Amino acid sequence: MTTHNPPPADPGVYLDDPNREPLELDVEGRRGPAAFRWLTVAMEHLIATILVALIVSVSANVIGRSMFNRSLPWADELARMLFIWLIFVGAAAAFARYEHIAVDFLVRRLKPRAAYVLFLLQHLIIASLMGIMVWGGYLVMSRSTGRTAILGVPWNLINVSLVLCSLFIVAVALWRAWLCLRLIRDPQAAVRQAGD
């Protein structure tokens with residue numbers, strides 16, 4: 001006869017990883033570099049603003065098509081530009097808050113020092129890949145001289161979202177890699193830091 005353990009009362013148990021906690025930015029708890037915390041909050045406000053503008057733009061086009069039998073070509077172009085910014089800013093803010101989907105089955109079972117080695121590798125790989133994206137975005141921006149067809153917005157105003165957000169992710173990943181190095185040398189620092 002098998003016994004069934006009831007699920008924990010707090011589902012946050014499944015989301016919290018004590019090994020990852022020292023690497024997290026905490027805006028409310030003022031943990032992590034102030035510049036990263038401030039930029040993360042600014043990005044979240046920008047995301048809300050872009051989302052409202054995106055809804056208004058798409059709704060205006062839907063109303064124009066359905067009620068007046070006329071589409072608004074500028075609304076479609078604006079929605080595309082806003083969506084590009086929303087994707088990149090959202091990716092950067094989610095990275096800062098550790099909200100990207102991750103398979104953490106292995107890292108949760110490792111001892112702290114081994115978990116920090118894995119986190120170090122992860123963040124060095126992320127920083128390298130984002131560095132490549134920064135370089136590629138720079139090349140695209142240096143060769144782009146055009147403007148959008150209807151609104152006449154310079155393409156570089158759209159392309160810069162990739163470069164800025166990738167730079168932010170590189171900075172956060174390198175900060176976390178540096179923290180991992182410190183925690184590999186002294187895993188008890190995480191316990192002391194959590195107690196502060």
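These exercises with worked solutions concern a predicted model.

**Exercise 1. Salt bridge in the loop before α2**

Task: Find the salt-bridge partner of arginine 20, and decide whether the two residues are buried or exposed.

Solution.
Step 1. Side chains of opposite charge can pair when their charged atoms come close.
Step 2. The side chain of arginine 20 meets that of glutamate 24 in a salt bridge, with N and O 2.8 Å apart.
Step 3. Arginine 20 and glutamate 24 are both buried. For glutamate 24 the relative accessible area is 19%, and the cut-off for buried is under 20%, so glutamate 24 counts as buried.
Step 4. Glutamate 24 is located in the loop between α1 and α2. Not counting residues up to four places away in sequence, glutamate 24 touches Arg31, Tyr98 and Trp175.
Step 5. Tyr98 also has a charge over its ring: the charged end of arginine 20 sits there, 4.6 Å from the ring centre.

**Exercise 2. Salt bridge across the sequence**

Task: State which parts of the chain are linked by the salt bridge between glutamate 28 and arginine 97, and how exposed each residue is.

Solution.
Step 1. In the salt bridge of glutamate 28 with arginine 97, the closest N and O atoms are 3.9 Å apart. The cut-off is within 4 Å, so the pair counts.
Step 2. This pair links distant parts of the chain, 69 residues apart. Glutamate 28 belongs to the loop between α1 (12-15) and α2 (34-68), and arginine 97 to the loop between α3 (73-96) and α4 (105-109).
Step 3. Glutamate 28 has 63% relative accessibility and counts as exposed, whereas arginine 97, at 22%, counts as partly exposed.

**Exercise 3. Counting salt bridges and finding a network**

Task: Give how many salt bridges there are, describe the one between aspartate 104 and arginine 108, and name the residues that shared partners join into a network.

Solution.
Step 1. The count comes to 5 salt bridges.
Step 2. One of them pairs aspartate 104 with arginine 108, with 2.8 Å between the closest N and O atoms.
Step 3. Both residues of this pair are partly exposed: aspartate 104 has a relative accessible area of 24%, and arginine 108 has one of 26%.
Step 4. Through salt bridges that share partners, Glu28, Glu44 and Arg97 are joined into one network.

**Exercise 4. Helix α2**

Task: Check whether the span of α2 agrees or disagrees with its number of residues, then find what its buried residues pack against.

Solution.
Step 1. Helix α2 has 35 residues, and at 1.5 Å a residue these should span 51 Å.
Step 2. The end C-alpha atoms of α2 are 50 Å apart, which agrees with the expected span.
Step 3. The buried residues of α2 include Phe36, Arg37, Thr40, Met43, Ile47, Ile50 and Leu54. An α-helix has 3.6 residues a turn, so residues three or four places apart point the same way.
Step 4. The partners in packing for the buried residues of α2 are α3 and α6 (155-185).
Step 5. After α2 comes asparagine 69, with a positive phi near 55°.

**Exercise 5. Aromatic rings between α2 and α6**

Task: Work out the geometry of the ring pairs that phenylalanine 36 forms with phenylalanine 168 and tryptophan 175.

Solution.
Step 1. A pair of aromatic rings is described by the distance of the centres and the angle of the planes. The structure holds 4 aromatic pairs.
Step 2. For phenylalanine 36 and phenylalanine 168 the centres are 5.9 Å apart and the planes lie at 85°, an edge-to-face pair. Phenylalanine 36 is in helix α2 and phenylalanine 168 in helix α6, so this pair ties together parts 132 residues apart in sequence.
Step 3. For phenylalanine 36 and tryptophan 175 the values are 6.0 Å and 70°, so this pair is edge-to-face. It links helix α2 with helix α6, its two residues being 139 residues apart.
Step 4. Phenylalanine 36 is buried at 12% relative accessibility, and tryptophan 175 is buried at 14%. Phenylalanine 168 is buried too.
Step 5. Ring pairs therefore link Phe36, Phe168 and Trp175 into a cluster.

**Exercise 6. Serine 166**

Task: Locate serine 166, decide whether it is buried or exposed, and list its contacts.

Solution.
Step 1. Serine 166 is part of helix α6.
Step 2. Serine 166 has 2% relative accessibility and so counts as buried.
Step 3. Apart from neighbours within four places in sequence, serine 166 is in contact with Met130, Met133 and Val134.

Note on methods:
Residues are numbered from 1 along each chain as its sequence is written. This is a predicted model: local features need pLDDT of at least 70, side-chain atom pairs count only at pLDDT 80 or more; totals for chains, interfaces and linings use all residues. Side-chain values use heavy atoms; hydrogens and water are left out. Buried means under 20% relative accessible area, exposed over 50%, partly exposed in between (1.4 Å probe, protein chains only). Helices (H or I, at least four residues) and strands (E, at least two) are DSSP runs, numbered from the N terminus. Contact means heavy atoms within 4.5 Å. The expected span of a helix is 1.5 Å times one less than its number of residues. Rings of Phe, Tyr and Trp (its six-membered ring) pair if their centres lie within 6.5 Å; planes under 30 degrees apart count as stacked, over 60 as edge-to-face and the rest as tilted. A charge sits over a ring if NZ of Lys or CZ of Arg is within 6 Å of the ring centre and within 35 degrees of the ring normal.
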